[in-house]
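Biologist: Hey, can you pull up that model and walk me through it?
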Amino acid sequence: MVQQLQERPPRVDRSSLSFVPELVYFEPASLDYPKGRQIFDWVTREGIPYRMTTSHNRITNLPGDTELEQYKIAKQTLVVGLRKTLKFDTSKPSAEYAIPIATGCMAHCHYCYLQTTLGAKPYIRVYVNMDDILEAAQGYLDERAPEITRFEAACTSDPVGLEPITGSLREVIEFMGNQSLGRLRFVTKFHHVDSLLDAKHNGHTRIRFSVNSKYVIKHFEPKTSRFEQRIEAAAKCAAAGYPIGFIIAPIIWHEGWQEGYAELLESLDQALPHDARGDLTFELIQHRFTKTAKNVIEKRYPKTKLEMDIEKRKYKWGRWGQGKYVYPDEQADALRMFISEHVFERFPESRIEYFT
Ligand code: SF4
C-alpha cells in the first residue's frame, strides 16, 4: 500500500539536500531506531510517498514500464533498513576496510562501478543500526592494534550526498575522532558538507573530493555537484581542520585531455586557499571497465560517449576472477606523467598516494 500523505508545506530547506527521494521503503524494524524514526518523520512531513517492506530483497515492483525506467526510478528510491552483514569488505589500496553506512547513489555517473556491483538493485539503502556498525568497526580496530586501521566509507555509495538525510557520516567521523588507532576516509562528488564542519574529527578523517576535467564532468557525471561547489566544499573542510585530498578519477583519454587535466589542476590551484594545502593528497585512477560493466552501461546510457573499445585497451587480470580493461602502458604512462607533473608543479607540498 502506498501511503501518500496530504501535501503540506515543506519544513526543510530542500535546496540544502542533494536529493529528495520519490519513494521511500521502510523495513519495519528500522522504526525501532531513532534514526529510522527521524527519517520516517521527515518523509511524512515532506509528503513523500512511502511503503513498508519486510526486506529490501522483496522490492520487485518498482514503477516503470521498461528496465531503463525502473532503473531511473530505483535511483530515486530510498530504502531505510538495518545492516545485517557486519563483516566488512577489504578496501585496498586506500584503506583496510570498507565501513558500510549506505549502499547505492542517486547520481548517474556513466562509468560508476556500482552499475555492476549493485546489479538489479540500484536503489539507495541507508542503515539505521549505526551502533552495530560501529561495534563491528571497534572489533576490527582491536584486532589490528597497535596498527592503525583505515576505514573507507564510500565504497558502495556517496555518503556525503546522503548525509543531510541520515547524519550517519558525522557519527562515524566522531567515533573515529575518539579512536587513537582509527582513521576514516571517504570520497565524494557532492558538496553537502556543512553538517560535518563542526564534528569532533580530531584530524582522523580525510575527506577527498573527486574531481575531473570539464569534459568528463559534463559528459559522464550527471546529477553530481558542480566542480566549483566541490572545490568550495573542499576549502570549507580544510578550514574546519580536516585533512583533505583529491581523487582524479576516472582519468579518461579524451580529445584534448592534456588541456583538460592541465586546466583542472590550474582551477584547483586558483580555488584552493593556501592554508588548505597542508597535508594534501592526490589519488590518480585511470578509467577501467569489465565486459559486464560495458554491457550494463551501454544499456543504461545508450548515448554515452564513454569509450569502451576493448581493442584499444589492455587486459589486466583481476585477483578475484574477471579482469579489467585499462589503457595500454604507453597511454597510461603518458596520463600518469602528465598529471603527476602538473600536481607537483601546482601543489609541491602535496603527495600522490598512487596511480592505478
Ligand atoms: Fe557512482 Fe560516485 Fe557517481 Fe554516485 S557519485 S554514481 S557513487 S561515481
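Modeller: Sure, we can go through the sheet, the ligand, the cysteines and a pocket.

Modeller: This is a predicted model, where local features need pLDDT of at least 70, side-chain atom pairs count only at pLDDT 80 or more, and totals for chains, interfaces and linings use all residues. Residues are numbered from 1 along each chain as its sequence is written, and side-chain values use heavy atoms, with hydrogens and water left out.

Biologist: What order do the strands of the open sheet have?

Modeller: The order is E2-E1-E3-E7-E6, five strands with mixed pairing. Strands here are DSSP runs (E, at least two residues), helices are H or I runs of at least four, both numbered from the N terminus, and two strands pair if DSSP finds at least two bridges between them.

Biologist: Which strands stand at the edges?

Modeller: E2 (50–52) and E6 (102–103); each has a single partner strand, so one side of each is left without a neighbour in the sheet.

Biologist: And how many bridges join E1 to E2?

Modeller: Three, and E1 (residues 23–26) and E2 run parallel. Phe-26 stands opposite Met-52 in E2.

Biologist: New topic: which residues surround the ligand?

Modeller: Cys-105, Ala-107, Cys-109, Cys-112, Leu-114, Asp-158 and Lys-189, going by a heavy atom within 4 Å. That shell divides into five nonpolar, no polar and two charged residues. The classes are Ala, Val, Leu, Ile, Met, Phe, Trp, Tyr, Cys and Pro as nonpolar, Asp, Glu, Lys and Arg as charged, and the others, Gly among them, as polar.

Biologist: Is Cys-112 buried or exposed?

Modeller: Buried, because its relative accessibility is 18%. The cut-offs are under 20% relative accessible area for buried, over 50% for exposed, and partly exposed in between (1.4 Å probe, protein chains only).

Biologist: How many disulfides does the structure hold?

Modeller: Zero, with a disulfide taken as a pair of cysteine sulfur atoms within 2.5 Å.

Biologist: Why no bond for Cys-155?

Modeller: Its closest cysteine sulfur, in Cys-112, is 12 Å away, which is too far. Cys-155 is partly exposed, at 22% relative accessible area.

Biologist: Okay, what about Gly-139, where is that found?

Modeller: In helix H4, residues 130–144. Gly-139 counts as partly exposed, at 35% relative accessibility. Its C-alpha atom is separated by 34 Å from that of Arg-230, 91 residues apart along the chain.
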